[in-house]
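Reader: Good morning. I should like to go through this structure with you, a few places at a time.

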Amino acid sequence: MTGYPTVPPHPSFPALEREVLDFWERDDTFVASVEARDPGKDGANEFVFYDGPPFANGLPHYGHLLTGYVKDVVPRYQTMRGRRVERRFGWDTHGLPAEVEAEHQLGIKHKSEIEAMGVAAFNEACRASVLRYTGEWREYVTRQARWVDFDHDYKTLDLDYMESVLWAFKTLWDKGLVYSGFRVLWYCWRCETPLSATETRMDDVYTDRQDPAVTVGLELTAPGTDLDGARALIWTTTPWTLPSNLAMAVNPGVDYVLVEPAPGHERHPRPEGGDGGAVRGERYVLAAARLGAYARELGEEPTVLRTLPGTELLGLSYVPPFDFFAGHPNAHVVLAADYVTVEDGTGIVHIAPAFGEEDKVVTDAAGIEAVVPVDAKGEFDARVAPYAGMQVFDANGQIIRDLKEGTAPYVHGVLLRHETYDHPYPHCWRCGTPLIQRAVDSWFVQVTAFRDRMVELNQEITWVPEHVRDGQFGKWLEGAR
């Protein structure tokens, strides 16, 4: 080592890091690397690097630091190739993540508290909150040896940035691609806002959840036939939607059975306690393929009175489980739906169109107008008086008890089974609240009108790795809604 007398045998790497960073700062090396390269005519020699900006209302985590290296390598490489690469750091300051964090800091639980506080005052609190950790971010990123321009950063709250977004939106409006619609969307009752399809497909949105599941018998009206008075069995994991029931659906291609419980499995007309059960003297209708799943209630060998195709059930009327919307125009009939399966449940689907996307398509075609007795906070309104003011998930227990007891004058459904159902369920990615499906008035962009053009342009993009073009991203474009 005699040729390198100045190299210490045990170097201090933190000291070396500090020395390099201090030199870059004194020398203004990053700025010089940008200014030394001409942008060219109309920016022909520029390489523009769009860096998705983080929120500054929280500290950077491992994911930010890991991707930061990639975001530094690409611009450095292009700089070494002679391109002018201006790397302005950015801050995402809009959207519900910013608002939710400000709500936590202010101790706000509901939207009404924001309205009482005043939107202007709340906006100011959000503005202060969202830039809280900009200094820490600058220190972290600089310590990574990443070259970015913090002095000329951009913020999505900057007026020129907001105006550019509004210009883009107005361009869509001028082309007739923006419309108002009443549709069923995943909805966060804590944030009081719907979520886009993209938001509900984000990582970690679905988490395991246990919900109550009920099987309820609804009395069919078919005078002059053996189906008159029989109870069609519906199964649902959202008992809170039963007060809003407006239809039932069957699959026309599925076989159904009219059955009587096996001897010894009948119970009194209203079972006392327990999870419900078959009622003495009553007949039930369900998919033939699901009969075995109800051996506990109907017996191992129930009496099959006859088998009938799903088409025979179409158009039949029935008595709804609750009478809150009895007499609703065109409602409480059996409809056809190809999405009805016999993989679980009873093969007969309960339909509350305001709380199911596919359900609303079926009832819209039948001329049944959806009812939404659930307000923006996810609470029942006065149209379902016994549960008014109750949050829908909290109302599940009372609804099930009412069905089980069957003594309330507004209850007409009979509980056959009450169980629990474990399944992946979507939660709000901003606040962690379990979502509900709810029909809302909202604004939409008619993406399908230019979807083919997006798919075409995607083929001109160089993706790294290459399979993303026709894989995850390409398939997302092809299915854009």
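Reader: To begin, which residues does Glu-260 touch, not counting residues up to four places away in sequence?
Author: This is a predicted model. In it, Glu-260 touches Glu-282, Arg-283, Pro-302, Thr-303 and Leu-305.

Reader: Where does Glu-260 lie, and is Glu-260 buried or exposed?
Author: Glu-260 lies in strand β8, which covers residues 255-260. With a relative accessibility of 32%, Glu-260 counts as partly exposed, because that class falls between under 20% for buried and over 50% for exposed.

Reader: Let us turn to the sheet of 3 strands. What is the strand order?
Author: The order is β4-β3-β15, in an open sheet with antiparallel pairing. β4 (193-194) and β15 (436-445) each have a single partner strand, so one side of each is left without a neighbour in the sheet.

Reader: How many bridges join β3 to β4?
Author: There are 2 bridges between β4 and strand β3, the latter spanning residues 178-188. Cys-188 stands opposite Thr-193 in β4.

Reader: A change of topic: which phi values do Asn-330 and His-332 have?
Author: Phi is positive at Asn-330, about 70°, and also positive at His-332, about 60°. Neither Asn-330 nor His-332 is a glycine. Most residues other than glycine have a negative phi.

Reader: Where is His-332 placed, and is His-332 buried or exposed?
Author: His-332 is in the loop between β11 and β12. His-332 counts as buried, at 5% relative accessibility.

Reader: Finally, what kind of peptide bond joins Val-464 and Pro-465?
Author: That bond is cis, with omega about 0°. Pro-465 is found in the loop between α12 (451-458) and α13 (467-470).

How values were computed
Residues numbered from 1 in each chain as written. Predicted model: local features only at pLDDT ≥ 70, side-chain atom pairs only at ≥ 80, totals over all residues. Heavy atoms only, no water. Pairing = 2+ DSSP bridges. Helix = DSSP H or I, 4+ residues; strand = E, 2+ residues; numbered from the N terminus. Buried < 20%, exposed > 50% of the residue type's maximum accessible area, 1.4 Å probe, protein only. Contact = heavy atoms within 4.5 Å.
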